[in-house]
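Grab a pencil and work through these exercises with the structure open beside you. Each task comes with a solution that goes step by step.

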Amino acid sequence: LMGDFGVERIDGRERIGAPRSTMQPASWVDQGYPYYSGRGLYRCRFALPDNFADQRIFLEPEMRDDTLEVLVNDQRAAVRLWEPYEIELTDYLKPGDNTLELRVANTPINLLEAVPRPSGLAGPPRLVPYRPVTFAVPGE
């Protein structure tokens with residue numbers, strides 16, 4: 001069975017339902033795609049806050065054990081196959097408007113074994129600024 005559709009659970013039974021046009025940063029299983037094997041795309045545009053200037057900026061996505069590809073302003077920043085998923089984005093971000101794209105892919109197990117294994121983001125990703133710290137190390 002192939003096509004654009006979701007799976008709805010009504011009275012403990014599953015049935016074919018309408019596809020979703022948007023996804024939340026949560027398990028695909030909980031959003032009507034319990035047996036989906038493939039790739040999901042999350043994209044957002046945002047203005048980099050002024051108080052992030054002169055700081056190192058890291059993406060801290062909430063992930064499960066799927067693969068993650070990160071693009072910032074149409075440039076590939078990183079690919080992560082397992083933990084840790086944190087990625088430094090400092091060199092890819094610019095003052096003002098930016099685009100962040102997360103491409104999440106799971107394994108074929110959901111489809112091949114009909115197992116509703118949670119996939120996708122586990123929660124909203126965060127951009128976290130860190131101030132560089134410099135200190136002197138006493139000589140010997």
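**Exercise 1.** In this predicted model, find the salt bridge between E69 and R103, and work out which parts of the chain the pair ties together.

*Solution.* Start with the contact: E69 and R103 form a salt bridge whose closest N and O atoms are 3.5 Å apart. Next, look up where each partner sits. E69 is in strand β5 (residues 67-72) and R103 is in strand β8 (residues 96-105), so the pair ties together parts 34 residues apart in sequence. Now check the cover. E69 has a relative accessible area of 12%, so call E69 buried. R103 comes out at 22%, so R103 counts as partly exposed; the cut-off for buried is under 20%. Finally, step back: R43, E69, R76, E101 and R103 are linked in a network of salt bridges.

**Exercise 2.** Do the same for the salt bridge of E60 and R126.

*Solution.* The two side chains meet at 2.4 Å, N to O. This pair links distant parts of the chain, with E60 in strand β4 and R126 in strand β9, 66 residues apart. E60 is buried at 14% relative accessible area, while R126, at 47%, is partly exposed. How many salt bridges does a search of the whole structure find? You should get 10.

**Exercise 3.** Classify the aromatic pair made by Y33 and Y36, then the one made by F58 and Y130.

*Solution.* You'll need two values, since a pair of aromatic rings is described by the distance of the centres and the angle of the planes. The structure's count is three aromatic pairs. For Y33 and Y36, the centres are 6.4 Å apart and the planes are at 75 degrees, which is edge-to-face. Y33 is buried at 16% relative accessible area, and Y36 is partly exposed at 32%. For F58 and Y130, the centres are 5.5 Å apart and the planes make 80 degrees, so this pair is edge-to-face too. F58 belongs to strand β4 (residues 56-62) and Y130 to strand β9 (residues 123-130), which puts the partners 72 residues apart. To finish, add W28 to your picture: W28, Y33 and Y36 form one aromatic cluster.

**Exercise 4.** Which residues lie nearest the centre of the largest pocket?

*Solution.* First, the volume: about 650 Å³. Then go through the lining, which has 23 residues; G3, F5, Y33, Y36 and S37 lie nearest the centre. Last, sort the lining by element: strand β3 (residues 39-48) gives the largest share, four residues.

Conventions
Residues are numbered from 1 along each chain as its sequence is written. This is a predicted model: local features need pLDDT of at least 70, side-chain atom pairs count only at pLDDT 80 or more; totals for chains, interfaces and linings use all residues. Side-chain values use heavy atoms; hydrogens and water are left out. Rings of Phe, Tyr and Trp (its six-membered ring) pair if their centres lie within 6.5 Å; planes under 30 degrees apart count as stacked, over 60 as edge-to-face and the rest as tilted. Buried means under 20% relative accessible area, exposed over 50%, partly exposed in between (1.4 Å probe, protein chains only). Helices (H or I, at least four residues) and strands (E, at least two) are DSSP runs, numbered from the N terminus. On a 1 Å grid over the protein atoms alone, a cavity is a set of points where a 1.4 Å probe fits but cannot get out, and a pocket is an open set with protein on both sides within 12 Å along at least five of seven lines; lining residues have an atom within 4 Å of a point. Grid points are joined across faces, edges and corners, and a volume is the space filled by probe spheres set on the points. A salt bridge is a side-chain nitrogen of Lys or Arg within 4 Å of a carboxyl oxygen of Asp or Glu.
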